[in-house]
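Got your viewer open and a free hand for clicking? Let's take a walk through this model, one selection at a time.

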Amino acid sequence: RKADLWRAVFPYDIQFVAAPVRKGNREPLVRANMRVIEAVRRLLWIQFKIILVNLDAAVAGVTSEPLHDIRVAIRRMRSLLRVFRKQLPDQPRQEIEGLLAEIGEELGPVRDLDEWVDLLQSAQVCAILARSRLFPAYVRHHQQRRQLAYATVRRCLRGRHFASQRLKINRLLRVELSRLTRTAPPGSLPKFAARQLDRALRRARKHERLRRSTSPKKLHELRIALRKARYLAEFFAPVLGDNIAKLAKRLHQVERVLGRIHDVDMGMEHLAREGPLPPRALAAHLEQQREQNLGKLDKVWR
């Protein structure tokens, strides 16, 4: 952060390089003996930094990954704000949660279009439709739609509203929560983590019947429930142990299959609503992918 000061004072240049860290020696972000308020401060801070680090690349829109990383970090922050709502100051928490919900809703359609264009440009789809005369024009149309959609990203992430809210989030994490770590009762982080994760898992299991549905809406509802439980398992694995880390991976396996089904369902909507006449082989490929992933869902659930 002060490399400019070094260069002004000393006649030698300085370069910062990330040192290789072995997995076993890496310091966990949260620990069992940590205060609850310090745990949430650290967990929120890392997600906020992910958003800030990816801002420029998301606005540029050269690849889809930065926007994806921002949306994941927003979802994780919202999850943390809900889980730790009793430990956080009420007014800033509600304001920040409202802002994140607005941004997530605005960026959602752009991200769905990213997924669709990435699917159209994938090696598998290009190989299947290599001889189609309709396919090149169809892909160009959706690439142009994607470029136009990124105006929403620029407006959302470079606007005054988001800039002012960034300052509020910064203040909450740097000042208010740092102050609370010295005054708030310590509590038991392992007990709190176990209780919150248990609730999330119970809610996810209540959605179990939806795995036998073919409805896009119901399958997506199951995916969201599993994702919320998986986030908590990942947050609290350093506190609750290796079995919870394994559980997070199992949840992610199911969620990935549901995610592929959701991507296909969104693609079906694009086929029906947007663009020039699509090749028949594309619709057939999407239907085949959906059936295959519905077959995998039961296996990964077990």
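Start with the largest pocket, and select its lining. Those residues divide into 18 charged, 14 polar and nine nonpolar. Keep in mind as you look around that this is a predicted model.

How big is the volume of this pocket? It comes to about 1100 Å³. The lining has 41 residues, and if you want the ones closest to the centre, pick R75, E115, R223, R227 and H262. Now colour the helices that help build the wall: α3 (65–83), α4, α5 (123–128), α9, α10 (242–273) and α11 (280–301) each bring at least two residues to the lining.

**Zoom out for a moment**

Show the whole chain as a cartoon. You'll find eleven helices and zero strands, so to speak one α after another: α-α-α-α-α-α-α-α-α-α-α. The C-alpha atoms fill a box of roughly 65 × 55 × 40 Å along the principal axes. Of the 302 residues, 42% count as buried.

**Follow α9 and α10**

Next, select residues 216–240, which is helix α9. This helix has 25 residues and runs 34 Å from its first C-alpha to its last, close to the 36 Å expected at 1.5 Å a residue. Where is the kink in α9? Click E234: the bend there is about 35 degrees, and the proline P238 comes shortly after. Just past the end of α9, G241 has a positive phi of about 110 degrees.

Move on to α10. With 32 residues, α10 reaches 46 Å from its first C-alpha to its last, close to the 46 Å expected at 1.5 Å a residue. Just after α10 there's another glycine to click, G275, with a positive phi of about 90 degrees.

**Hunt for the rings**

Now show the aromatic side chains. How many aromatic pairs does a search of the whole structure find? Five. Let's visit some of them.

Select W116 and Y138. Their ring centres are 6.5 Å apart and the planes stand at 90 degrees, an edge-to-face pair. W116 sits in helix α4 (residues 90–120) and Y138 in helix α6 (residues 135–158), so this pair ties together parts that are 22 residues apart in sequence. Are these two buried or exposed? Both W116 and Y138 are buried.

For another pair, go to Y231 and F235. Here the centres lie 6.4 Å apart and the planes are at 40 degrees, so the pair is tilted. You're back in α9 for this one: Y231 and F235 are four residues apart, about one helical turn. In general, an α-helix has 3.6 residues a turn, so residues three or four places apart point the same way. Y231 is buried, at 3% relative accessibility, and F235 is buried too, with a relative accessible area of 5%.

Then add F84, F192 and F236 to your selection. Ring pairs link these three into a cluster.

**One last stop**

Finish with Y150, which lies in helix α6. Y150 counts as buried, at 3% relative accessibility. To end the tour, draw a distance from Y150 to A163: they are 13 residues apart along the chain, and their C-alpha atoms are separated by 18 Å.

Key:
Residues are numbered from 1 along each chain as its sequence is written. This is a predicted model: local features need pLDDT of at least 70, side-chain atom pairs count only at pLDDT 80 or more; totals for chains, interfaces and linings use all residues. Side-chain values use heavy atoms; hydrogens and water are left out. Rings of Phe, Tyr and Trp (its six-membered ring) pair if their centres lie within 6.5 Å; planes under 30 degrees apart count as stacked, over 60 as edge-to-face and the rest as tilted. Buried means under 20% relative accessible area, exposed over 50%, partly exposed in between (1.4 Å probe, protein chains only). On a 1 Å grid over the protein atoms alone, a cavity is a set of points where a 1.4 Å probe fits but cannot get out, and a pocket is an open set with protein on both sides within 12 Å along at least five of seven lines; lining residues have an atom within 4 Å of a point. Grid points are joined across faces, edges and corners, and a volume is the space filled by probe spheres set on the points. Ala, Val, Leu, Ile, Met, Phe, Trp, Tyr, Cys and Pro count as nonpolar, Asp, Glu, Lys and Arg as charged, and the others, Gly among them, as polar. The expected span of a helix is 1.5 Å times one less than its number of residues. The bend at a residue is the angle between axes fitted to the seven residues ending there and the seven starting there.
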